[in-house]
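Trainee: Can we go through this model together? I'd like to know how the labels are earned.

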Amino acid sequence: MGVTAPLRREHQELLPHIEALCAVAEAAEGDRDTLVKALDDTLTFLERHLIPHAQAEDAVLYPKVEQVMRAPGATATMRRDHEEVVELTRRLRRLRDGLTGPPSSGPLSSEQRRGLQRLLYGLHAVVRLHFAKEEEVYLPLLDAELTAEDAAAMFQAMHGSASLPS
Ligand SMILES: [Fe+2]
Ligand SMILES: [Fe+2]
């Protein structure tokens with residue numbers, strides 16, 4: 001196990017929630033109340049766990065990757081993935097809030113259903129690929145270059161930087 005094992009473990013904890021995005025997309029075919037409940041759980045996960053995880057990476061992990069690569073700006077493409085997750089989450093929040101305004105009962109319109117499904121499947125694909133890139137490209141670099149003390153200090157800084165929304 002390399003020094004970045006704690007981050008791999010964190011991803012393992014987040015991953016079942018990422019996989020659940022597809023089940024929520026399928027729930028858009030069914031009962032409105034069940035769907036709203038599933039969307040609320042999904043949004044809690046995205047807004048309170050996944051996005052703070054990404055913010056901690058932006059603040060601490062990615063600067064460390066750039067330092068190890070001796071390549072300032074090398075993580076810009078990955079930061080852009082994080083911005084995409086924030087934007088897709090914002091749009092999902094808007095669609096979910098629209099489900100409890102009038103008309104707030106009965107089946108979803110096909111436009112609502114398709115909009116939700118597009119966002120949920122999109123988030124699933126973006127985040128899965130993003131995790132794979134971090135684990136397959138960045139973490140091996142850090143495993144090769146960081147001492148156990150460097151890594152411990154980095155994870156402590158990441159936990160200190162994770163700003164949870166109020
Ligand atoms: Fe990330
Ligand atoms: Fe990550």
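**Reading the labels**

Mentor: Sure. Over residues 7-142 the chain is 85% helix and 0% strand, with the end C-alpha atoms 11 Å apart; helices here are DSSP runs (H or I, at least four residues) and strands are E runs of at least two. This is a predicted model, where local features need pLDDT of at least 70 and side-chain atom pairs count only at pLDDT 80 or more, while totals for chains, interfaces and linings use all residues. Residues are numbered from 1 along each chain as its sequence is written, chains are lettered from A and ligands numbered from 1 in the order in which they are written, and side-chain values use heavy atoms, leaving out hydrogens and water.

Trainee: What makes H11, H53, E57 and E134 donors of the iron ion (ligand 2)?

Mentor: Donors are N, O and S atoms within 2.8 Å of the metal (3.2 Å for Na, K and Ca), and with no water among the atoms a site may look incomplete. Those four lie 2.0 to 2.2 Å from the iron ion (ligand 2), so they qualify.

Trainee: Why is the arrangement around the iron ion (ligand 2) called irregular?

Mentor: Tetrahedral needs all angles between 85 and 135 degrees; square planar (four donors) or octahedral (six) needs opposite donors over 155 degrees apart and all others between 65 and 115; anything else is irregular. The four donor atoms here subtend 81 to 177°, which makes the arrangement irregular.

Trainee: Which residue bridges the two iron ions?

Mentor: E57 bridges ligand 2 and ligand 1, which lie 3.4 Å apart.

Trainee: Are H53 and E134 buried or exposed?

Mentor: Both are buried, meaning under 20% relative accessible area (exposed is over 50%, partly exposed in between; 1.4 Å probe, protein chains only).
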